Amino acid sequence: MTRLLGPLLVSLLLSAGWLWFFVRRDRHPEPAWLLARTFGWGMVAWAVSAAFGGTFGRLSAEVGLLTPVLALLLTATVEEGSKFLAAMTVTTEHEFDEPMDGLVYAVTAALGFAFVENVTYSLSYGASALAWHAFLTTLVHALFSAPQGYALGGRHLQGGRWWRSRGLLLSMTLHFVFNGLLTGSAGWPQLAALAVVLSLMAWLAGRYYRHFEAHARDHPQSP
């Protein structure tokens, strides 16, 4: 129990910190119970993707059907798809009433996903490995999900299924490229490419937030 308590607390504090960082820009704060439920669905999404990931690993080891590139692609597809479904659970709620909510709930689901991933990583590799892994993992999962949140918000604003498909595809692509750069031996070109991809994801998330902030200012909700 003691071995689990430390990683739980560290992961929870990191998730709460990043959640505050992302939702603080919402001009109309969401109810805590709905954020908590979405966070919980993000945790379930991790369990679903982990089950599929174990299947991919067994197939690759036993019959050699999966190349490393295909394994990375499947991982990105399943993880982002499961996080997207977790965020989708809130779109039919009355509280989902403005475009910014798409970003808020997509990021919340991603943080729930990252929370469980951090805890399991710590239990597998030791608490000393948690410090750098948890900080980076929590942030990148939130940034991976930003295009999904923009798509959910844009769909709420304009309608149409293409918003969802485009956002999900971009999230999968960013996840695939980022994980691909993490594989193999690290060198300066690889680290520089990682920094570029991370900067691009942060720029996209900032752009999405500014767009929906402008919409919230121009279309204030009725009291």
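**A buried serine and the helices around it**

S15 sits in helix 1, the stretch covering residues 2–23. The model here is a predicted one, and in it S15 is well covered: its relative accessible area is 1%, which makes it buried, given that the cut-off is under 20%. Leaving aside residues up to four places away in sequence, S15 touches F39, L111, F115 and T138. L111 and F115 fall within helix 4, which runs over residues 100–125. N118 also turns up in this neighbourhood: 103 residues separate S15 from N118 along the chain, yet their C-alpha atoms are 9.9 Å apart.

Stepping back to the whole chain, the protein has seven helices and zero strands, so the pattern along the sequence simply reads α-α-α-α-α-α-α. Of the 223 residues, 45% are buried. Among contacts with a separation of 6 or more, 79% join residues 24 or more positions apart. As for the outside, the accessible surface comes to about 11400 Å², and carbon and sulfur atoms account for 69% of that.

Helix 4 deserves a look of its own. With 26 residues at 1.5 Å a residue, helix 4 should span 38 Å, and its end C-alpha atoms are 37 Å apart, so the two values agree. Helix 4 is also largely enclosed by the rest of the structure, because 22 of its 26 residues are buried.

One partner of helix 4 is helix 7, which takes in residues 188–218. Two packed helices are described by the angle between their axes and the distance between those axes. For helix 4 and helix 7, the angle is about 140° and the axes lie 9 Å apart. The pair is therefore oblique, since roughly antiparallel would need an angle over 145 degrees. On the helix 4 side, the contact is made by M100, L103 and V107, while helix 7 brings in Y208, Y209, F212 and E213. Sorted by class, that contact holds six nonpolar residues, one charged residue and no polar ones.

Helix 3 (residues 68–88) gives a similar check on length. Its 21 residues should span 30 Å at 1.5 Å a residue, and the end C-alpha atoms are indeed 30 Å apart, which agrees. The buried residues of helix 3 include L72, A76 and V78, then the run E79, E80, G81, S82, K83 and F84, and finally A86 and A87. Charged side chains thus appear on that buried list, with E79, E80 and K83 among them.

Definitions and conventions:
Residues numbered from 1 in each chain as written. Predicted model: local features only at pLDDT ≥ 70, side-chain atom pairs only at ≥ 80, totals over all residues. Heavy atoms only, no water. Helix = DSSP H or I, 4+ residues; strand = E, 2+ residues; numbered from the N terminus. Expected span 1.5 Å × (residues − 1). Buried < 20%, exposed > 50% of the residue type's maximum accessible area, 1.4 Å probe, protein only. Axes fitted to C-alpha atoms, helices over the stretch in contact; angles between N-to-C directions. Parallel < 35°, antiparallel > 145°, perpendicular 65-115°, else oblique. Contact = heavy atoms within 4.5 Å. Areas by Shrake-Rupley, 256 points an atom, 1.4 Å probe, with all protein chains shown as cover.
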